[in-house]
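The following report describes selected features of one model, moving from the interior to the surface.

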Amino acid sequence: MNYRIPTGTKDTLPADIPRWHHVEKVIGSVMRRFNYKEIRTPVFEYTELFTRGIGETTDVVGKEMYTFLDKGNESLTLRPEMTASVVRSYLENNLGSAQPLNKLYYLGPMFRQERPQKGRLRQFMQFGVEAIGSALPEQDVETMLVAMTVYEELGLHGLTFKINSVGCPVCRPGYREVLVRFLNGVRDGLSPESVKRLETNPMRILDSKNEQDVAVTANAPLMKDHLCDECRTHFERVQRALGALHIEFEVDGRLVRGLDYYTRTAYEIQSGSLGSQNALGGGGRYDLLAESLGGPPTPAVGFAAGMERLLLVMEAEQLPFGEPEVLDLFWVALGEPAMTFSIPYIHALRKHGYRCDVDYLNRSMKAQLREANRQQARYVVIVGDQELQQAQCQVKNMSTGEQSAVPVDSVMQFLQSALPL
RNA sequence: GUGACUGUAGCUCAGUUGGUUAGAGCGUCAGGUUGUGGCCCUGAAGGCCGGGGGUUCGAGACCCCUCAGUCACCCCA
């Protein structure tokens, strides 16, 4: 074999497709009930959208993007996430003028050049929502509910749900000073990585998994304790709404997401039956993003969730998946005359709604029946020279083995009574 | 980008202290019934033992390099 699939990518083979369809179907159903409308955007955008939207200092932008120049010398990037694209599209198409609140959802591939591992691919599927236009804390909670409802309806349980508030431009600068002062006090105990982040993004030192960092920052001041009045009220209202819904959550003051656009609410849903990449999904509020992309000030919240990870959890927990569809009918045509004769009947059955197939390898009857069995066909129709002469066929019920002669013109009626659609 | 581990048939894996022609199960195909599936029986196809170099009379096995995969760090979905 000369050709190989690129690192960190995967083929989804026919055997896997039913489970994807199953998950996609549940997602679509939940979105419909929550009244989120699907939006589709290109898989690549101008690079600047992401560098400005996500933040230059983030790892995603700094070292994980698939960026290339096209023949017109434009810098393009395969989307590493969807929020920037959705907001771009929202602004570019003036969706905000058509209605004050746009509740959008998406599902599609994202691209990040990282070292692959369990639950981490270079091309991976995400679904997510963006509710653009509302500043209400209850809107934050609705997005959380969308994610949790999808998980619930797929049978997941025992998920950890963490929330935090990362503040806003009013309170964050003050907190940042307090934090940096503290961190400078323990600077010697920090990991080299974290020392570097002291300058660029000190808040992210708090969710470092490095043992040193964790120990040293155990008593670090937290954003949630330094919120301005509005942010605090917002955060409290989010928690009150969750309480009213009897949803268990954990306030994690160290939760900081890796995308710069978040303000106020940030949240993450984790699963214990994943590897170290345990985040199933996460999201938050990004009230400043639209403005930073050149639009009017527009409050918004959303989340993104990884679908491969979702499938991993479902496999680990042996949850029911979609099964491959079985065949209603396998048509055994023996020899060319029988084949020519049979084709119109098969076509009619298919147009009528039956799922049927015929052997295109001109194999022996034994082989064709084996094929029918492999496909789990419910019925088999057999047409050979004998049947041709009498315009008849044998119809066989594959689960009982019963077989009877039926006029070929009556196969449709036979199936309709045996296998009503 | 860093580290650890693993690469033998389509899949899951054996392969002894280095020793003739590299095996099994599953899957595939064919036959056992000249026109009848599953179960069973018989047989067949299918391997540059990831690649390159080295040690040796002899390497799937030992050494070096390389590539790939997996997991972890990091980061996130």
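The buried residues of helix 12 are covered by, among others, helix 1, strand 6, strand 10 and strand 11. In this predicted model, the buried positions of helix 12 are Met-307, Arg-309, Leu-310, Leu-311, Val-313 and Met-314, a set that includes the charged residue Arg-309. Spacing along a helix gives some background to such a list: an α-helix has 3.6 residues a turn, so residues three or four places apart point the same way. Just after helix 12, Gln-318 adopts a positive phi of about 50°.

Leu-310 of helix 12 also has a prominent place in the interior, since the largest nonpolar core comprises 69 residues, of which Ala-147 and Leu-310 touch the most other members. Helix 6 makes the greatest contribution to this core, supplying six residues. Apart from the largest core lies another one, of 23 residues, including Trp-331, Tyr-354, Ala-372 and Met-398. When residues up to four places away in sequence are left aside, Leu-310 touches Val-23, Leu-280 and Ala-305.

Helix 6 (residues 137–153) also packs against helix 1 (residues 17–34), their axes coming within 9 Å and crossing at roughly 145°, and the crossing is right-handed. On the side of helix 1 the contact is formed by Val-26, Ile-27, Val-30 and Phe-34, while helix 6 contributes Glu-142, Val-146, Thr-149, Val-150 and Glu-153. Sorted by class, this contact consists of six nonpolar, one polar and two charged residues.

Around RNA strand B there are 57 residues, and those that come nearest are Lys-118, Gly-258, Gly-275, Gly-306 and Gln-386. The surface near RNA strand B is made up of 14 nonpolar, 23 polar and 20 charged residues. Helix 14 gives the most to this surface, with seven residues, and the elements that each supply at least two residues include helix 3 (59–63), helix 15 (385–390) and strand 15 (392–397). Strand 6 (123–132), strand 10 (279–285), strand 11 (300–306) and helix 12 (307–316) likewise each supply at least two residues of the surface near RNA strand B; strand 6, strand 10 and strand 11 are also among the elements that cover the buried residues of helix 12.

Two asparagines deserve a separate look for their backbone. Most residues other than glycine have a negative phi, and most peptide bonds are trans. Asn-94 and Asn-362 are set side by side below.

| Residue | Phi | Loop | Other C-beta atoms within 10 Å |
|---|---|---|---|
| Asn-94 | near 55° | between helix 4 (83–92) and helix 5 (95–98) | 9 |
| Asn-362 | near 55° | between strand 13 (356–358) and helix 14 | 12 |

Asn-94 is exposed, because 9 other C-beta atoms lie within 10 Å and a residue with 12 or fewer is classed in this way. Asn-362, with 12 other C-beta atoms within 10 Å, is therefore exposed as well.

Ala-405 belongs to strand 16 (residues 403–407), and which residues does Ala-405 touch, not counting those up to four places away in sequence? With that restriction, Ala-405 touches Gln-392 and Gln-394. The C-alpha atoms of Ala-405 and Gln-394 are separated by 4.6 Å, although the two residues are eleven residues apart along the chain. Ala-405 has 12 other C-beta atoms within 10 Å and is therefore exposed.

Terms used: Residues are numbered from 1 along each chain as its sequence is written. Chains are lettered from A and ligands numbered from 1 in the order in which they are written. This is a predicted model: local features need pLDDT of at least 70, side-chain atom pairs count only at pLDDT 80 or more; totals for chains, interfaces and linings use all residues. A residue is near a molecule or strand if its C-beta atom, placed from the backbone, lies within 6 Å of it. Helices (H or I, at least four residues) and strands (E, at least two) are DSSP runs, numbered from the N terminus. Axes are lines fitted to C-alpha atoms, for helices over the stretch in contact, and angles run from 0 to 180 degrees between N-to-C directions. A crossing is left-handed if the near helix is turned anticlockwise from the far one by less than a right angle, and right-handed if clockwise. Two residues are in contact if their C-beta atoms, placed from the backbone, lie within 7 Å. A residue is buried if 20 or more other C-beta atoms lie within 10 Å of its own, exposed if 12 or fewer, and partly exposed in between; C-beta atoms are placed from the backbone. A nonpolar core is a set of buried Ala, Val, Leu, Ile, Met, Phe, Trp, Tyr and Cys residues joined through C-beta atoms within 7 Å.
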